[in-house]
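The exercises below are meant to be worked with the sequence and the model side by side. Each one sets a task and then gives a solution in steps.

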Amino acid sequence: METPEPGRSRPADGRITFLPSSLLWHQLFTGITLFTFLILFSGTLPAQPVLRSSVKGTVVDRQTLSPLPGATVLLLDSNPQIGTNADANGHFNLNGIPIGKQRIKVTYVGYVPYVSDEITVSSGKETDVTITMQETVISAGEVEIKGDYKKYGAINKMATVSVRPFSVDETFRFAGSYNDPARMAANFAGVTSGVDNRNDIIVRGNSPIGLQWRIDGMEIPNPNHFAAVGTTGGPVTVLNNNLLTNSDFFTGAFPASYGNALSGVFDMRMRTGNNEKHEYWFGIGWNGLEFGAEGPFSKKSKASYMFSYRYSLLAVLSYFGFKFDAVPFYQDLNFKFVIPTKKAGVFTLEGIGGLSYIELFDSRKGRSDWMFPDYGENLSNGSNLFAGGISHQIFHDPSLRIKNQLYFVASKVNTRIDSFSTVPVHPTLWAGEQSSENKFSYDLQVFKKFSAKNSLETGVTLDYFDMSFADSMLWKGQFQVHTGSRESMIFLRGYGQWQHRFSDQFRATVGIYGSRLFLNNTWAVEPRLGLEWLINSSHSITAGGGMFSQVQPHVIYFIQSRLPDGTIVQSNRNLDFSRCWQVALGYNFLPTEFLHFKTELYYQHLYDIPVKYSIPTYSLINQGHEFFLDRQYSDSLVNLGSGENYGLEFTFERFLHKHYYFLFTSSFFNSVYGGYDGVGRSTAFDVKYALNAAGGYELVIGKRKWGVMSFGLRATFAGGNPYVPYDVDATVKNGEPMPDWQNSYQSSYPEYKRLSVRFGLKRNLPGFNLEFMLDLQYRTNYTNVYLQRINPKTGEIRNFFSMGFFPMATWRIQF
């Protein structure tokens, strides 16, 4: 077998920082702020007329997504009344809507009335909404239809428990989110984050690896720049929230339409571009320099396009001579083209892609800024991602919908680490990696609504993987090869689920999910159940549970082991799935239309977790807490490990109304595992508790609402992550970092504390709007440890901390 280039599975490590020097940042921030204030407050324009815009959208059945022609759409609190009816395709258009916060009500014979949350109407940008309505089980002639749309209800009609829908506005609104859906989700109950400079999502004590990312039905790998093979987080997201629409986030017990995940599912959805008017936006901020556009292909067609391109802001500034500690080069493109036809259904072409590269070289710094006084590292990391495909959706009749989707996903990681010391001075190769994965997928979904009471959904997915893994590291004077092969495999999955609504108050969803991995012929059949009881308009009880499984991170299957006779084998190739069963029970209470209280109790038992005979405390269940997926100790694994997560969660929130909102969440849980020795220990994610408080106020400026000033606040307090300490004596003796496996996860880092403040200004002008946002984060005076390293020569252990004070500004114009 050909020996791969020496490498190691380490992407950009915890030293990543994208900040310029404090002086440069101060100058840049001051310039942007002064410019924005001049624009936003350059006179109140007393002669300016009342600014108006449009609200448009589509009204569809919640189960089938078929249009509801003739639905009545009204703008609440309008005088005179503004309203319209949906056309034959369910489309509607409300013109002449005053800018500001508005609410709409939709009614349709035989359906539960819908009342929206507050919708932001701005100049220079039409507001587009999709309204899903629930058919009543009892006809309107038999009983009066009461109630309205549940604001906490999932977008996925089969979901009942452990799901939190969210709007794209929340990714802009919450302080400290950086317009990133993953960082926004860290506010939700049951969710904790790993470290500040990454957006890993830890759900109910599970590894971030257990999370599945989806976008419009496409299962995608890590959607972040500077990503690592097998991980799900990163410092900068590839996803652009300007193109997203309302989506679901699951924290467990998800329905049968989701599989190959143990902890949660982030089910993202892209909106459809404006098919009547061309619109544009430009922005500068944390995620880069951005330009986007959307509009119709022609006036004669309802086909639309939408795209957004971003490029690293610091990379642009570096071209003009600005100096930074490290320059992150990254760029990404999100796009969606929708082509409806009169008889052949709707065709959609969409995708996301990102390129990133960074160099973190200690050799470019003074000796006092090396990782250790006598030791330094030069790290270069690049990662690429593309996920895109074409889908076709057609209604054979209003009750039968069929969707076919063909998509391609590609990811690539290149990493090189050179080390140096006072002797020798010149950097020499220590570790590196060259890995890539390509996936070709076909997905078929069929949905049939038999009546208002009964509906059926089935689907099948076929994945073909083409993969190449090559990495190794210098260990005791020789390169230790971890992977070095070209591989392929097929993964087949299918599901079916039936929902029966006994009444408008009670429904049950039963389903089954099955999968087979042809690499080693492992398989799974998993039943699922979900229940919801609407006691009345204010109280409801939800429950769900089932069995779940997940293939191992693909690279794990192909890690090499050297037998005593010198033979090289892939000792993990026959690993089974990691599996679990879990149950959840929830209670919802709405004291008023805009207040929501929720509590959930859950239990999860994990089994068939890969563990290691030679290191009895090792378990793959703890992977994902570092900046890379470990391969040095991940060979010769067997499916004999276990774990359990159980806890109680509380949520109390006020939906945005009359200018203010808030969200308070608390999670109390235990997360334990058993290695090969079967002894129960805390997992790497057993922080025990997490408390979050977020809220804000929006002050409307001027009688004609020409501006909005917003204030946001977020506070987080959580326990510290357990970790595996270093064995100092063994490290110095061997000249290599040696973990103290006997004391795995008995010690924890200090408690995590963070305070985030957001200040925003928005100005509406004829034909366009301007917006400026400033995020200020304070991380309790450098007490949040995100990385610990040991000097293999001296045994000195050094903690690396999150940045104490972190300001970030964003500026955007829409026209």
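**Exercise 1. An enclosed space**

How much space lies in the second largest cavity? Establish also what lines this cavity.

*Solution.* Begin with the setting: the model is a predicted one, and a search of the whole structure finds 15 cavities of 30 Å³ or more. In the second largest of these, the space comes to about 740 Å³.

Next, turn to the walls, where 42 residues form the lining, with I220, P221, N222, E437 and H554 lying nearest the centre of the cavity. Sorted by class, the lining holds 17 nonpolar, 19 polar and six charged residues. Strand β26 supplies the largest share of this lining, namely five residues, and β26 covers residues 428-449.

**Exercise 2. Confidence along the chain**

Decide where the pLDDT is below 50, and state how many contacts those stretches have beyond near neighbours in sequence.

*Solution.* Start from the overall figures: the protein chain has an average pLDDT of 87, and 91% of the residues reach a score of at least 70. Against that background, residues 1-27 have a pLDDT below 50, although this stretch has 97 contacts in the model beyond near neighbours in sequence. Residues 140-148 likewise have a pLDDT below 50, and for this stretch the model shows 14 contacts beyond near neighbours in sequence.

**Exercise 3. Two open sheets**

Give the strand order of the five-stranded open sheet and of the three-stranded one, and identify the edge strands of each.

*Solution.* In the five-stranded sheet, the order is β10-β17-β18-β13-β14, with mixed pairing. The edges are formed by β10 (163-166) and β14 (218-220), each of which pairs on one side only. From one strand to the next, the twist averages 20°. At the β10 edge, four bridges join β10 to β17 (residues 244-250), and the two strands run antiparallel; one register point is given by V163, whose bridge partner in β17 is F250.

In the three-stranded sheet, the order is β4-β1-β9, and the pairing is again mixed. Here β4 (91-98) and β9 (127-133) are the edge strands, each pairing on one side only, and the twist from one strand to the next averages 25°. Strand β1 (residues 52-61) pairs with β9 in the parallel sense over seven bridges, and V55 has T127 of β9 as its bridge partner.

As background to both sheets, strands of a sheet pair through backbone hydrogen bonds, in either a parallel or an antiparallel arrangement.

**Exercise 4. Following β24 into β26**

Trace the pairing from β24 through β25 to β26, and find a residue pair that fixes the register at each step.

*Solution.* Take β24 (residues 375-397) and β25 (residues 400-421) as the opening pair: they are antiparallel and share 22 bridges. A hairpin of two residues makes the connection between β24 and β25, and I394 stands opposite I402 of β25.

Then move on to β25 and β26 (residues 428-449), which pair in the antiparallel sense over 20 bridges. In this pairing, Q405 has D443 of β26 as its bridge partner.

**Exercise 5. Following β31 into β35**

Which strand pairs with β31, and over how many bridges? Continue from that strand to β35.

*Solution.* Strand β31 (residues 539-550) pairs with β34 (residues 578-589) in the antiparallel sense over 12 bridges, and A543 is found opposite L585 in β34. On going further, β34 is joined by 11 bridges to β35 (residues 595-612), and these two strands also run antiparallel. Q582 stands opposite Q604 in β35, while the hairpin that links β34 to β35 passes through five residues.

**Exercise 6. Backbone details in two loops**

Locate the cis peptide bond from N79 to P80 and the positive phi of N260 within the strand pattern.

*Solution.* First, consider the peptide bond from N79 to P80, which is cis, with omega near 5°; P80 is placed in the loop between β2 (72-75) and β3 (82-85). Second, consider N260, a residue other than glycine whose phi is positive, near 60°; N260 is placed in the loop between β17 and β18 (264-270). Both of these strands have already appeared in the order of the five-stranded open sheet.

Definitions and conventions:
Residues are numbered from 1 along each chain as its sequence is written. This is a predicted model: local features need pLDDT of at least 70, side-chain atom pairs count only at pLDDT 80 or more; totals for chains, interfaces and linings use all residues. Side-chain values use heavy atoms; hydrogens and water are left out. pLDDT is the predictor's confidence in each residue, from 0 to 100. Contact means heavy atoms within 4.5 Å. Two strands pair if DSSP finds at least two bridges between them. Axes are lines fitted to C-alpha atoms, for helices over the stretch in contact, and angles run from 0 to 180 degrees between N-to-C directions. On a 1 Å grid over the protein atoms alone, a cavity is a set of points where a 1.4 Å probe fits but cannot get out, and a pocket is an open set with protein on both sides within 12 Å along at least five of seven lines; lining residues have an atom within 4 Å of a point. Grid points are joined across faces, edges and corners, and a volume is the space filled by probe spheres set on the points. Ala, Val, Leu, Ile, Met, Phe, Trp, Tyr, Cys and Pro count as nonpolar, Asp, Glu, Lys and Arg as charged, and the others, Gly among them, as polar.
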